[in-house]
Amino acid sequence: MRTVAPHAGFSLIELMVTIAVLAVLLGIAIPSFQSMLEKQRLVGAAEQLYEDLQYARTEAIKRNANVFVSFTTGSNWCYGIALATCTCGTAGSCQLSGVDKVVSGTDFRGVSLESNFGGSTRFEPRRGTVPGGNGTATLSSNYGSIKIIVGSLGRVRICSDSASLTKYKPSSGSC
């Protein structure tokens with residue numbers, strides 16, 4: 001007597017059902033993944049600016065010299081750190097100890113920068129204060145906006161009124 005061996009493999013119908021389920025799952029996952037990437041670009045840009053402002057303040061105190069953070073705003077934004085005002089789009093213009101200190105908005109696609117610093121802000125060597133009072137830089141995308149606020153005493157803080165960016169929401173009131 002001869003026994004029939006079971007066929008190995010998948011039928012065409014099983015393969016088509018698997019592909020259909022996979023297509024539905026990808027259709028749901030891809031838009032939320034893109035939203036997550038956009039949010040991360042915004043948060044990354046804000047945290048980079050926050051850290052660089054803290055760095056500029058520290059360098060002013062350490063070097064016992066004024067340290068400037070110069071801004072070019074808009075969708076093609078950039079900023080640079082130097083011992084004098086600089087143009088971040090010009091190579092070699094923004095340097096500390098011979099090293100370029102420039103951050104470009106091209107690294108954070110879809111994020112724009114607006115600032116009321118008037119082109120630059122300066123940290124003084126004595127206690128890292130900022131003459132001329134407070135200033136705010138606002139980074140925005142379709143996902144929301146995050147503000148980096150520099151007080152006249154040199155304190156740098158980060159906050160957001162956007163509901164989806166709860167990590168940066170102030171404990172009371174608004175930014």
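## Exercises on a predicted model

β8 and β9 pair in the antiparallel sense over seven bridges. The model is a predicted one. The exercises start from this strand pair and work outwards.

### Exercise 1: the β8-β9 pair

Task: find how many residues the hairpin from β8 to β9 runs through, and name the bridge partner of Ser140 in β9.

Solution.
- Step 1. Take the connection. Two residues form the hairpin link from β8 to β9.
- Step 2. Take the register. Ser140 has Ser145, in β9, as its bridge partner.

### Exercise 2: the sheet around β9

Task: give the strand order of the open sheet that holds β9, and identify its edge strands.

Solution.
- Step 1. Order the strands. The open sheet has four strands, β6-β8-β9-β10, paired antiparallel.
- Step 2. Find the edges. β6 (112-115) and β10 (156-159) each pair on one side only, and are the edge strands.
- Step 3. Add the twist. From one strand to the next, it averages 20°.
- Step 4. Check the β6 side. β6 and strand β8 (residues 135-141) are antiparallel and joined by four bridges. Glu114 faces Thr138 in β8 across this pairing.
- Step 5. Check the β10 side. β9 and β10 run antiparallel, with four bridges between them. Ile148 is opposite Ile158 in β10.
- Step 6. Look at the turn. The hairpin of β9 and β10 has five residues between the strands, and Gly154 there has a positive phi near 90°.

### Exercise 3: β9 and its cover

Task: decide whether β9 is largely enclosed or largely open, and state which helix lies across its sheet.

Solution.
- Step 1. Count buried residues, using the cut-off of under 20% relative accessible area. Five of the seven residues of β9 are buried.
- Step 2. Conclude. β9 is therefore largely enclosed by the rest of the structure.
- Step 3. Name the helix. α1 lies across β6, β8, β9 (144-150) and β10. Its angle to β9 is about 5°.

### Exercise 4: Ser115 on β6

Task: place Ser115, classify it as buried, partly exposed or exposed, and list its contacts beyond four places in sequence.

Solution.
- Step 1. Place the residue. Ser115 belongs to strand β6.
- Step 2. Classify. Its relative accessible area is 24%, so Ser115 is partly exposed.
- Step 3. List contacts. Neighbours within four places in sequence aside, Ser115 touches Phe71, Thr73, Thr136 and Ala137.
- Step 4. Take one pair. The C-alpha atoms of Ser115 and Ala137 are 4.2 Å apart, though 22 residues separate the two in sequence.

### Exercise 5: the other sheet

Task: work out the order of the sheet that holds β1, and how α1 packs on this sheet.

Solution.
- Step 1. Order the strands. Four strands form an open, antiparallel sheet: β5-β2-β1-β7.
- Step 2. Find the edges. β5 (102-104) and β7 (120-123) are the edge strands, each with pairing on one side only.
- Step 3. Add the turn between neighbours. It averages 10° in this sheet, direction ignored.
- Step 4. Inspect the β1-β2 pair. Strand β1 (residues 67-72) and strand β2 (residues 78-82) are antiparallel, with five bridges. Thr72 is opposite Cys78 in β2.
- Step 5. Add the helix. α1 packs on the sheet and touches β1, β2, β5 and β7. The directions of α1 and β1 make about 150°.

### Exercise 6: salt bridges

Task: say how many salt bridges the structure holds, and which residues form a network of them.

Solution.
- Step 1. Count. There are three salt bridges.
- Step 2. Start at Lys62. Its closest approach to Glu59, N to O, is 3.2 Å. The two are three residues apart in helix α1, so about one helical turn separates them.
- Step 3. Move to Arg63. Arg63 meets Glu59 in a salt bridge at 2.6 Å, N to O. These two lie four residues apart in helix α1.
- Step 4. Join the pairs. Glu59, Lys62 and Arg63 form a salt-bridge network.
- Step 5. Compare exposure. Glu59 is buried at 5%, Arg63 is partly exposed at 29%, and Lys62 is exposed at 60%.
- Step 6. Take the Arg122 pair. Arg122 and Glu124 form a salt bridge at 3.3 Å, N to O. Arg122 is partly exposed at 26%, and Glu124 is partly exposed at 25%.

### Exercise 7: a nonpolar patch

Task: name the residues of the nonpolar surface patch, and classify Leu12 as buried or exposed.

Solution.
- Step 1. Name the residues. Phe10, Leu12, Leu15, Met16 and Ile19 make a patch of about 610 Å².
- Step 2. Place Leu12. Leu12 is in helix α1 (residues 12-63).
- Step 3. Classify. Leu12 has 61% relative accessibility, and therefore counts as exposed.

Notes
Residues are numbered from 1 along each chain as its sequence is written. This is a predicted model: local features need pLDDT of at least 70, side-chain atom pairs count only at pLDDT 80 or more; totals for chains, interfaces and linings use all residues. Side-chain values use heavy atoms; hydrogens and water are left out. Patches are made of residues with over 30% relative accessible area and no salt bridge: like charges are joined within 9 Å, nonpolar side chains (Val, Leu, Ile, Met, Phe, Trp, Tyr) within 5 Å. Accessible areas come from the Shrake-Rupley method with a 1.4 Å probe; for residues, only the protein chains shown count as cover. A salt bridge is a side-chain nitrogen of Lys or Arg within 4 Å of a carboxyl oxygen of Asp or Glu. Buried means under 20% relative accessible area, exposed over 50%, partly exposed in between (1.4 Å probe, protein chains only). Two strands pair if DSSP finds at least two bridges between them. Axes are lines fitted to C-alpha atoms, for helices over the stretch in contact, and angles run from 0 to 180 degrees between N-to-C directions. Contact means heavy atoms within 4.5 Å.
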